[in-house]
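Grab a viewer and work through these exercises with the model open beside you. Each one sets a task and then walks through a solution.

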Amino acid sequence: MSNSGLNWLEWISAIFHIASEALFQRFFARHLPKRMVLPQLAGLTCIVTGATSGIGLETAKQLAEAGAHVVLACRNTAAAEALVEEWHENIDASLKVEVMQLNLLSLSSVRSFCTAWESRNAPLHVLINNAGICSLLAPQKFSEDGYEEHMQVNYLAPALLTLLLLPSLLRCASRIVNVNSDAECFGAVDPDDLNLTSTSSGYSSLIAYAGSKLAQIYFTSILNSHLQYRSGVHAMCVNPGIVTTNVTRTLPKLVQTSHRHSTLFFFNPLEGARSVLFCATAQQALEHANKLRSEGWPLCPLFSSDCKPRIKHIQDQELSKASKVWDRTLELVGLSNDVIEKLLNP
Ligand SMILES: NC(=O)c1ccc[n+]([C@@H]2O[C@H](COP(=O)([O-])OP(=O)(O)OC[C@H]3O[C@@H](n4cnc5c(N)ncnc54)[C@H](OP(=O)(O)O)[C@@H]3O)[C@@H](O)[C@H]2O)c1
């Protein structure tokens with residue numbers, strides 16, 4: 001076993017999986033248009049986190065262009081306001097876009113965002129948990145709440161955001177789209193060490209990133225099982241593919257991918273946003289989610305960067321781990337175990 005908790009066979013399989021994604025994602029997604037064709041979305045409200053850059057920016061822009069009311073939930077509100085101005089000037093002055101402050105490195109910022117949002121008593125049709133960090137090669141860092149930064153930004157804060165926005169999501173048929181990553185196959189989550197403080201053989205940013213994405217799959221699966229049959233809320237996870245964005249900003253300049261163009265193998269943000277937009281808007285995504293629900297499939301719907309469902313096999317002990325991760329997560333974000341029950345039966 002390594003510090004990731006994977007055995008050598010699982011490591012080889014994870015490396016093979018990521019290498020084949022890097023080499024063949026374009027081939028697998030060859031049936032998709034360069035830019036997703038969206039239905040008319042007038043009347044829908046969508047919140048997109050991390051919409052100032054990369055996949056989130058493209059996702060938010062296209063949702064707005066299709067007529068949705070889009071909330072850019074960003075920590076850098078000046079950058080987001082500048083984007084809105086640019087879109088109003090260059091695309092259409094009538095786009096319904098607004099900016100709200102959200103810093104996922106602070107759970108109190110998440111709570112303030114949700115209080116402000118919930119005070120509107122409005123329905124929320126789509127929540128896209130896109131914002132994320134992947135601080136490869138960086139040393140371990142902790143948030144003001146005392147949590148490892150990958151875990152907090154990629155997992156704990158979006159989990160809290162999702163739960164606090166559930167009242168709005170329950171007001172209508174809605175979707176929660178979590179932008180995940182196939183890097184989750186390198187992940188292993190220890191519910192007793194979600195904060196990654198006791199890894200015996202040292203900290204690895206890749207393992208922290210992968211663990212945060214795997215924890216999100218566990219959490220989303222348990223969330224769906226709580227909501228099943230009693231609500232029109234569907235939660236899913238999607239891998240956008242390997243995309244040239246600012247996500248590699250902590251790597252040496254030579255290997256950074258912060259260009260807006262596509263490369264021979266990697267997607268550009270326009271292409272990376274396709275699977276996210278598919279989950280947020282396509283009827284087929286809901287049909288797949290409903291099929292899994294009716295079959296009692298224990299995991300949440302997972303989609304690949306080619307917009308096709310991905311089946312991840314899970315063993316019984318992993319399912320019980322997922323439940324423990326759910327319980328521990330509620331504890332870490334300061335919510336009670338019956339939070340969903342209370343919302344469903346107020
Ligand atoms: N690019 C890939 O190859 C790839 C592959 C698989 C999965 N993903 C996932 O895709 C998602 C989007 O990443 P990206 O590639 O588009 O990266 P990106 O260009 O770096 O965009 C990340 C966004 O998240 C925001 N963000 C970071 N920390 C935040 C915080 N504390 N509070 C609020 N917002 C914060 C960033 O805001 P600032 O501009 O203020 O930093 C930015 O808007 C992430 O969840 C990532 O894990 C990406």
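Buried here means under 20% relative accessible area, and exposed means over 50%. With that cut-off, E2 comes out mostly covered, since five of its six residues are buried. Keep in mind that this is a predicted model.

**Exercise 1. Work out the strand order of the sheet and find its edges.**

Step 1: Lay out the strands. There are seven of them in an open sheet, ordered E3-E2-E1-E4-E5-E6-E7, with parallel pairing.

Step 2: Look for strands that pair on one side only. Those are E3 (97–101) and E7 (302–303), the edge strands.

Step 3: See what packs on the sheet. Helix H4 (residues 107–118) touches strand E1 (45–49), E2 and E3, and its direction makes about 140° with that of E3. Helix H6 (residues 205–227) lies across strand E5 (174–179), strand E6 (233–238) and E7, and runs at about 160° to E6.

**Exercise 2. Trace the bridges from E1 through E2 to E3, and give the handedness of each crossover.**

Step 1: Start with E1 and E2. They pair in the parallel sense over five bridges, and Thr-49 has Ala-73 as its bridge partner in E2.

Step 2: Follow the chain between these two strands. From E1 the path goes through helix H2 (residues 54–65) to E2, a β-α-β crossover that is right-handed.

Step 3: Move on to the other neighbour. Strand E2 (residues 69–74) is joined to E3 by five bridges, again running parallel. Ala-73 turns up here too, with Met-100 as its bridge partner in E3, while Cys-74 stands opposite Gln-101.

Step 4: Close the unit. E2, helix H3 (residues 77–90) and E3 make a β-α-β unit, and this one is right-handed.

**Exercise 3. Is each face of strand E4 covered or open, and which strands does E4 join?**

Step 1: Split E4 (residues 126–129) by side. Val-126 and Ile-128 point one way, Leu-127 and Asn-129 the other.

Step 2: Check burial. All four residues are buried, so both faces are covered.

Step 3: Find the neighbours. Three bridges join E1 to E4 in parallel, with Val-48 standing opposite Ile-128. On the E5 side there are four bridges, also parallel, and Val-126 stands opposite Arg-175.

Step 4: Trace the connection. The chain crosses from E4 through H5 to E5, in a right-handed β-α-β crossover.

**Exercise 4. Classify two aromatic pairs and say what each one ties together.**

Step 1: Pick your descriptors. A pair of aromatic rings is described by the distance of the centres and the angle of the planes. The cut-offs to use are centres within 6.5 Å for a pair, and planes over 60 degrees apart for edge-to-face. Six aromatic pairs come out of this rule.

Step 2: Take Tyr-155 and Phe-219. Their centres are 5.8 Å apart with 75° between the planes, so the pair is edge-to-face. Tyr-155 sits in helix H5 (residues 149–169) and Phe-219 in helix H6, so this pair links parts 64 residues apart in sequence. Tyr-155 and Phe-219 are both buried.

Step 3: Take Phe-278 and Phe-303. Here you get 5.7 Å centre to centre and 65° between the planes, which is edge-to-face again. Phe-278 belongs to helix H7 (residues 269–281) and Phe-303 to strand E7, so the pair ties together parts 25 residues apart in sequence.

Step 4: Check burial for this second pair. Phe-278 counts as buried because its relative accessibility is 8%, and Phe-303 is buried at 2%.

**Exercise 5. Which arginine charges sit over phenylalanine rings?**

Step 1: Look at Phe-27. The charged end of Arg-30 sits over its ring, 3.9 Å from the centre. Phe-27 also forms one aromatic cluster with Phe-24 and Phe-28.

Step 2: Look at Phe-267. Above its ring sits the charged end of Arg-274, 4.9 Å from the centre.

**Exercise 6. Describe the surroundings of Ser-275.**

Step 1: Place it. Ser-275 is in helix H7 and is buried, with a relative accessible area of 1%.

Step 2: List its contacts, skipping neighbours within four places in sequence. Ser-275 touches Val-238, Asn-239, Pro-240, Ser-304, Ser-305 and Cys-307.

Step 3: Compare sequence and space. Ser-275 and Leu-32 are 243 residues apart in sequence, with a C-alpha to C-alpha distance of 9.6 Å.

Note on methods: Residues numbered from 1 in each chain as written. Predicted model: local features only at pLDDT ≥ 70, side-chain atom pairs only at ≥ 80, totals over all residues. Heavy atoms only, no water. Pairing = 2+ DSSP bridges. Contact = heavy atoms within 4.5 Å. Axes fitted to C-alpha atoms, helices over the stretch in contact; angles between N-to-C directions. Phe/Tyr/Trp six-rings, centres within 6.5 Å; stacked < 30°, edge-to-face > 60°. Buried < 20%, exposed > 50% of the residue type's maximum accessible area, 1.4 Å probe, protein only. Lys NZ or Arg CZ within 6 Å of the ring centre and 35° of its normal. Right-handed = clockwise from strand over helix to strand, strands pointing away.
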